[in-house]
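The account below proceeds from the overall form of a protein chain to a single residue within it. Please keep the sequence and the coordinates in view while reading.

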Amino acid sequence: MKFQISFDSLDIEQNLEVARQVAEHADILEIGSLPLFRHGISVVEAFRREFPKKIIFADTKIIDRGRDVASLFSQAGADWISVMAGTSREVVHGACSKAHDLGKKVMLDLIDAGSPGQEALEAKSLGVDALLFHQSYDEGESLSFLEKWEMVRGNSDLPIFVSAKINRESIDKILEIKPDGVVIGKAICESDDPTGEAQFFYDKLKGK
């Protein structure tokens, strides 16, 4: 199971400082949408310079100009980018095609999917490399979104990552569904002890 840590502060240096503390426990470092919206490719370039050997995921949330955005962020140093399931098949396929040309990968974010099961079913044929089963940041603490898990898992053999308001109390419930990857941000990055929290979740995910 992959462990992806998300950094969503508007301050690049703050993100990097926390990342330095927790990177050894993460398989993937995610640059969240807020720093991307504010700083663009510069935050990706900063992470790439700081962590030349780490896998970097840029949460680009592509809805248009798929090929152009994929090219821009791939060349800036991102290994993975995200595209929204609610956009057109042409945009998804274009982003995937360009990313693959550059040796990069694409995760399909199902948060805006009209029919998550159907989007999951079609994803592989469009070139998608993984799925993101995502709870809205503004949604409450409930894990009711997990009710849709079976229709997604049953319709795809692609790796599925789960991103939610995961904390020490909810992690076991998440692990019960056996995702291929887990994305955690706030519980680590806003902790008084980011390293300790990252170690706790890493051990949980790796079965230690």
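The following paragraphs treat the fold, the surface and then one residue.

The model is a predicted one, in which local features need pLDDT of at least 70 and side-chain atom pairs count only at pLDDT 80 or more, while totals for chains, interfaces and linings use all residues. Residues are numbered from 1 along each chain as its sequence is written, and side-chain values use heavy atoms, with hydrogens and water left out.

The chain contains ten helices and eight strands, these being DSSP runs numbered from the N terminus (helices H or I, at least four residues; strands E, at least two). Along the principal axes, the C-alpha atoms fill a box of roughly 45 × 35 × 30 Å. The radius of gyration is 16 Å, which agrees with the value near 17 Å for a compact globule of 208 residues; the radius is taken over C-alpha atoms, and the globule rule is 2.2 Å times the number of residues to the power 0.38.

Of the 208 residues, 52% are buried, that is, under 20% relative accessible area with a 1.4 Å probe, protein chains only. The exposed area of the chain is about 9,700 Å², with 48% supplied by carbon and sulfur atoms; areas come from the Shrake-Rupley method with a 1.4 Å probe.

Phe201 lies in helix H10 (residues 194–205) and is buried, with a relative accessible area of 0%. Beyond its neighbours within four places in sequence, Phe201 is in contact with residues including Phe3, Ile166, Ile171 and Ile188, contact meaning heavy atoms within 4.5 Å.

Methods
Buried means under 20% relative accessible area, exposed over 50%, partly exposed in between (1.4 Å probe, protein chains only).
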